[in-house]
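Visitor: I'd like to learn how people back up the words they use for a structure. Could you walk me through one?

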Protein chains: 2
Amino acid sequence: MSVTELISSARSGSQRAVGKLLSLVEDPERREEVLAALDQVPARVVGITGPPGAGKSTTVAVLVGAYRARGMRVAVLAVDPSSPYSGGALLGDRIRMAEHINDPDVLIRSVATRGHLGGLAAVVPAAIRLLAALAYDLIVIETVGVGQSEIEIAAVANPTVVILNPGAGDAVQAAKAGLLEVADLLVVNKADREGAEQTVRDLRQESHVPILTLVASKGTGVPELIDAIEAHQRADTPERRTARARAQILSLAQSRLRTDPDLALLAAAVAEGSDDPYSAAAKLIGRNGDGPA
Amino acid sequence: MSVTELISSARSGSQRAVGKLLSLVEDPERREEVLAALDQVPARVVGITGPPGAGKSTTVAVLVGAYRARGMRVAVLAVDPSSPYSGGALLGDRIRMAEHINDPDVLIRSVATRGHLGGLAAVVPAAIRLLAALAYDLIVIETVGVGQSEIEIAAVANPTVVILNPGAGDAVQAAKAGLLEVADLLVVNKADREGAEQTVRDLRQESHVPILTLVASKGTGVPELIDAIEAHQRADTPERRTARARAQILSLAQSRLRTDPDLALLAAAVAEGSDDPYSAAAKLIGRNGDGPA
């Protein structure tokens with residue numbers, strides 16, 4: 001089938017055609033051909049991220065259920081940068097999504113990035129354009145990894161919802177990965193566990209975004225989460241977009257510096273006393289020690 | 001009195017002379033004169049840092065007591081970059097230190113940085129050299145601020161001890177400020193409070209350094225903390241120094257990027273769509289978007 005035929009077939013309800021088109025936009029050599037054949041349709045994108053085990057998939061499943069109850073068509077893109085190319089297969093552990101698998105108005109798909117940095121950044125916006133053009137009313141992007149991929153998702157999602165569990169572990173991990181900076185909403189899931197209220201209070205000291213509690217496995221707090229997502233979408237302003245952009249730029253810069261091959265040499269020079277940490281930091285960010293440009 | 005006379009007087013036990021010399025090394029125009037008159041004596045420096053309210057002063061007080069019990073002469077430098085020049089007065093809230101104030105072998109002094117960035121970095125190493133030359137066996141540096149000053153302390157202290165309280169709040173704040181990266185020892189103080197064991201478990205997921213519990217106000221855990229400090233000092237290696245240097249460089253680079261005046265312009269460009277976060281991050285770190293150098 002040609003791209004035009006696939007699009008037509010996808011619009012008639014063929015999930016197989018949608019899957020084929022998603023595979024084409026994952027391919028850098030075919031992507032442009034698909035995008036050129038699509039109308040520009042505004043996309044509504046919600047990002048769900050957080051540390052492993054926080055309950056992201058369960059949360060996505062209940063959100064899909066709630067949006068389906070409103071008659072919306074929903075696409076779920078599950079991003080796992082650490083996994084090899086999945087060929088569009090469902091992730092094996094997505095048991096919570098089982099109830100939606102046979103729903104023709106729910107598309108569930110894992111996105112491959114083929115391992116190269118920037119792959120996700122190129123694929124996801126194209127997949128979003130495709131799904132919006134194919135009349136999916138809401139696109140949920142769930143990231144399974146930690147760090148880089150979440151920041152990339154924050155660049156396209158509005159809001160970015162960060163799911164955490166009670167206690168210090170998830171919150172510290174989120175802070176270290178820069179997730180608290182890209183979060184538009186913070187959700188403490190498994191909030192029936194001990195310490196959830198304290199975690200909410202602790203997070204409130206560290207973030208100015210709304211903080212919600214959720215027991216996704218029981219559906220508790222889901223209407224409030226959906227209200228908060230919609231309130232955020234309605235209230236978006238240039239100032240908010242600028243604040244999100246600032247957080248994304250900082251997080252990306254941070255992860256680039258961390259993986260800079262010069263860092264080991266600079267650290268060795270500081271450790272043996274032939275350089276000081278200030279001049280080394282200035283060299284790392286390419287400014288030769290004369291203060292911020 | 002001349003510098004030589006002050007040094008002689010300080011060596012005879014005059015705390016007044018030590019205070020005068022510390023004031024001189026705080027003065028960029030007199031510093032070199034003092035340093036030139038001193039012998040090079042290896043310094044033993046312990047850094048105590050952590051979020052406000054974690055119990056740093058109480059911990060310092062019990063550490064001083066324990067080291068004094070071993071007959072060591074101890075100097076405490078309290079660094080508060082946010083306060084105006086203190087003229088060498090004791091900080092008013094240092095009630096816990098009261099028992100040591102009349103001990104001629106304990107020096108307690110707040111360090112002024114006169115507000116300019118890098119002031120602390122220049123003053124503290126000079127003060128350390130002075131105190132080591134004046135036969136203080138241990139120099140404890142306590143930082144009252146958050147962020148930049150702790151990273152500067154980590155550059156001179158071995159070990160850097162980060163004091164936290166049970167719960168997510170302090171741990172998240174420490175992670176955000178980059179303190180988890182510069183910590184050589186993590187101490188959960190007020191460990192008789194609920195959730196302390198969970199906090200230890202959570203921190204263990206995020207850090208590879210030893211994690212101790214303490215109830216500083218009761219003295220519980222102090223011998224173990226002193227053992228851990230000494231074990232760390234004995235076990236220092238070039239690899240550890242390199243790892244500390246790496247963390248310091250990254251934290252300094254991070255705080256420079258955060259305060260870069262270009263960031264607001266870059267964020268606005270990304271928010272309005274005239275730039276993307278990846279190229280903006282590359283510009284922020286001065287590399288023109290062609291990947292890590």
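Guide: Happy to, and let's start with confidence, since this is a predicted model. Among the elements of chain A, the lowest mean pLDDT, 73, belongs to helix α6 (residues 148–154) of chain A, and the highest, 98, to strand β7 (residues 211–213) of chain A.

Visitor: Which stretches of chain A have a pLDDT below 50 or under 50?

Guide: One is residues 83–93 of chain A, where pLDDT is below 50 and the model has 14 contacts beyond near neighbours in sequence. Another is residues 288–293 of chain A, with pLDDT under 50 and nine contacts beyond four places in sequence. Chain A as a whole averages a pLDDT of 84, and 86% of the residues score at least 70. For the complex, the predictor gives an ipTM of 0.70 and a pTM of 0.76.

Visitor: Why are the two copies said to be related as by a two-fold rotation axis?

Guide: Look at what it takes to lay chain A on chain B: a turn of 180 degrees and a shift of 0.0 Å along the axis, with an RMSD of 0.1 Å. The two copies are therefore related as by a two-fold rotation axis.

Visitor: Which residue of chain A comes closest to that axis?

Guide: That's A:A168, with its C-alpha at 1.9 Å from the rotation axis.

Visitor: How do you know that the same surface serves both copies?

Guide: Compare the contact residues: 100% of those of chain A recur in chain B. The contact takes 51 residues from chain A and 51 residues from chain B.

Visitor: What supplies the largest share of chain A's side?

Guide: Helix α11(A) does, with 14 residues. By class, the side of chain A that touches chain B has 29 nonpolar, twelve polar and ten charged residues.

Visitor: Now to a pair of helices. What makes α1(B) oblique to α2(B)?

Guide: The axes of helix α1 (residues 3–11) of chain B and helix α2 (residues 15–26) of chain B cross at roughly 135 degrees and come within 7 Å. Roughly antiparallel needs an angle over 145, and roughly perpendicular runs from 65 to 115. The angle of roughly 135 degrees fits neither, so α1(B) counts as oblique to α2(B). Their crossing is left-handed.

Visitor: Which residues make that contact?

Guide: From α1(B) come B:L6, B:I7, B:S9 and B:A10, and from α2(B) come B:A17, B:V18, B:K20 and B:L21. Sorted by class, this contact has six nonpolar, one polar and one charged residues.

Key: Residues are numbered from 1 along each chain as its sequence is written. Chains are lettered from A and ligands numbered from 1 in the order in which they are written. This is a predicted model: local features need pLDDT of at least 70, side-chain atom pairs count only at pLDDT 80 or more; totals for chains, interfaces and linings use all residues. Two residues are in contact if their C-beta atoms, placed from the backbone, lie within 7 Å. Helices (H or I, at least four residues) and strands (E, at least two) are DSSP runs, numbered from the N terminus. Ala, Val, Leu, Ile, Met, Phe, Trp, Tyr, Cys and Pro count as nonpolar, Asp, Glu, Lys and Arg as charged, and the others, Gly among them, as polar. Axes are lines fitted to C-alpha atoms, for helices over the stretch in contact, and angles run from 0 to 180 degrees between N-to-C directions. Angles under 35 degrees count as roughly parallel, over 145 as roughly antiparallel, 65 to 115 as roughly perpendicular and the rest as oblique. A crossing is left-handed if the near helix is turned anticlockwise from the far one by less than a right angle, and right-handed if clockwise. Copies are superposed by least squares on the C-alpha atoms of residues with pLDDT of at least 70 in both. pLDDT is the predictor's confidence in each residue, from 0 to 100.
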